[in-house]
Amino acid sequence: MADKCSEGLLNGTVPGERGKQDKSVKRGNWGNQIEFVLTSVGYAVGLGNVWRFPYLCYRNGGGAFMFPYFIMLVFCGIPLFFMELSFGQFASQGCLGVWRVSPMFKGVGYGMMVVSTYIGIYYNVVICIAFYYFFVSMTRVLPWTYCSNAWNTPDCVGVLDGNLSSRAALNLALNATQKRTSPSEEYWRRYVLDLSDDIGNLGEVRLPLLGCLGVSWVVVFLCLIKGVKSSGKVVYFTATFPYVVLTILFVRGITLEGALTGIMYYLTPQWDKILDAKVWGDAASQIFYSLGCAWGGLITMASYNKFHNNCYRDSIIISITNCATSVYAGFVIFSILGFMANHLGVDVSKVADHGPGLAFVAYPEALTLLPISPLWSILFFFMLILLGLGTQFCLLETLVTAIVDEVGNEWIIRRKTFVTLGVAVAGFLLGVPLTTQAGIYWLLLMDNYAASFSLVIISCIMCVAIMYIYGHRNYFKDIEMMLGFPPPLFFQICWRFISPAIIFFILVFTVIQYRPISYNDYVYPPWAISIGFLMALSSVICIPIYAIYKVCCSEGDTLLERLKNATKASKDWGPVLAEHRSGRYAPAFSPSTESHLEVQPLQPEKRRSEAEAASPVQGSNGSAHSQDSRL
């Protein structure tokens, strides 16, 4: 009896409900729920957790920043995460198919695809740079340790150069009129990137980076070659091993002299900053962007869940794990930076950085001070690779799933591997310009504009469409039908009022705090910023364009009738398996709906045994005819 109960829970059935074969043979499902949770953790926990959150934390009041951060997590992060997971799981469709709930808003799904395309292009370039540093770290002496290389300038002052003591050399540089440049910074700018002087001056393709970009796309494709069946197995390693590396680096970091100073700099609360609106804006933005809301990935990953999976539980586990990882990574980063600041005799703020500057300049320089520095460098960049791949898997799967679900016929489902290959090849080709001498300028332009305020707009419209166009009562009934209980009152209030208000606050904050992008001392020209805004608008513009198209194509004599028909849920909205379509989703079969539904036998084992017991009818060619259990 206990075995049967445990089997029912593993199948995702609601307790007390008759056992069901809760699988979609046509689309496929996760092998088990651990695969889904690990994939979602790998998707949410990315490079930003390591190179952005610790910097935001110390810049916005240290420990005091944790208060608004967790407030935003509870009232915005977890509710939005739960909404997207439940949305995708209920319909078992990707970011396009789910908009059968209100066809006029399908442009939101296209906007998510555009955003995922932009992010997928430049995110893999960051991974390829991490691959490059990983490979060059396999040496006795890290190439950015000293200033005696061909690419170094007279301004270079290394902390381990033998001509001066490291502290005296640094103080000399700090007191001089020119700014000190470290060997890691010159290695990054003058050798790895061979940086040009302008975003319009592409220069030549950096062949080592191009080769690493090819490696990273091959790895992503091979891991997704069989969709979630293969990626679900890979994440057992890619989603868990970064925590092993973080722990190794943390243990090594806290044993170093000066580590406590760095950690205190990271955590010491400055309570006066709690009243600063910018701190709350940064907290809300970090929660929103780090969880991956409105990218389409959460909807896609949840669409491969079994219908009765408890996504409410999963959303809480994954969201808290993501934020805890950010906090934990801060200890790893600032313990090493504190050691470096102590070694140089300067304040921690002089060595702290974020983004590529932290990952490829500040932290690598700190690693040169450690014994057996190549080992720590290999571990650090291997961790960055795995963190990036976890997100990249979901970005690529989002695009592939959307294309396959949209076409929806057996031909493309059987050839999903070729769709994955096509998307990977296109992503590689589109990423080639980012490996040129001006590539880092374009990468940062895409990062700052392609996936910034457009995500906020997409998420806000999604909330409004589900809660107010489709109707909150309808959606709450859908969740109760799927999970066996309605969403808690807290989530109902957040979805209807609090979360949209916070999203709107993030949008206003982003507009008010807008500053033209720059990279170190380089200021982007107006034409480049215009391209950035066009990239941002290219995802948002999908929403009104498709809405106008849908209204024009809808039936009705007046504009109001067309609007009603365009926003009304289509007949094939609902659970994809016919056995789950009960109540108002009870199927009234027609040619338009039959093609979207998949019928499974309620007790396939019993049906199979009955078929075997019956005497098969032998045909003239000796073959036996048996009843097919699927429609």
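This briefing introduces the model shown above, topic by topic. The structure is predicted: local features need pLDDT of at least 70, side-chain atom pairs count only at pLDDT 80 or more, and totals for chains, interfaces and linings use all residues. Residues are numbered from 1 along each chain as its sequence is written, and side-chain values use heavy atoms, leaving out hydrogens and water.

**Confidence**
- The protein chain has an average pLDDT (the predictor's confidence in each residue, from 0 to 100) of 87, and 86% of its residues score at least 70.
- Residues 163-170 stay under 50, with 13 contacts (heavy atoms within 4.5 Å) beyond four places in sequence.
- Residues 604-631 are also below 50, and this stretch has 14 contacts beyond near neighbours in sequence.
- Where pLDDT is low, the predicted coordinates should not be read in detail.

**An enclosed helix**
- Helix α16 (helices are DSSP runs of H or I, at least four residues, numbered from the N terminus) covers residues 356-367.
- From first C-alpha to last, α16 reaches 16 Å, close to the 16 Å expected for its 12 residues at 1.5 Å a residue (1.5 Å times one less than the number of residues).
- Because 12 of the 12 residues of α16 are buried (under 20% relative accessible area, 1.4 Å probe, protein chains only), this helix is largely enclosed by the rest of the structure.
- Among the buried residues of α16 are P356, F360, Y363 and E365.

Terms used
Helices (H or I, at least four residues) and strands (E, at least two) are DSSP runs, numbered from the N terminus. Buried means under 20% relative accessible area, exposed over 50%, partly exposed in between (1.4 Å probe, protein chains only).
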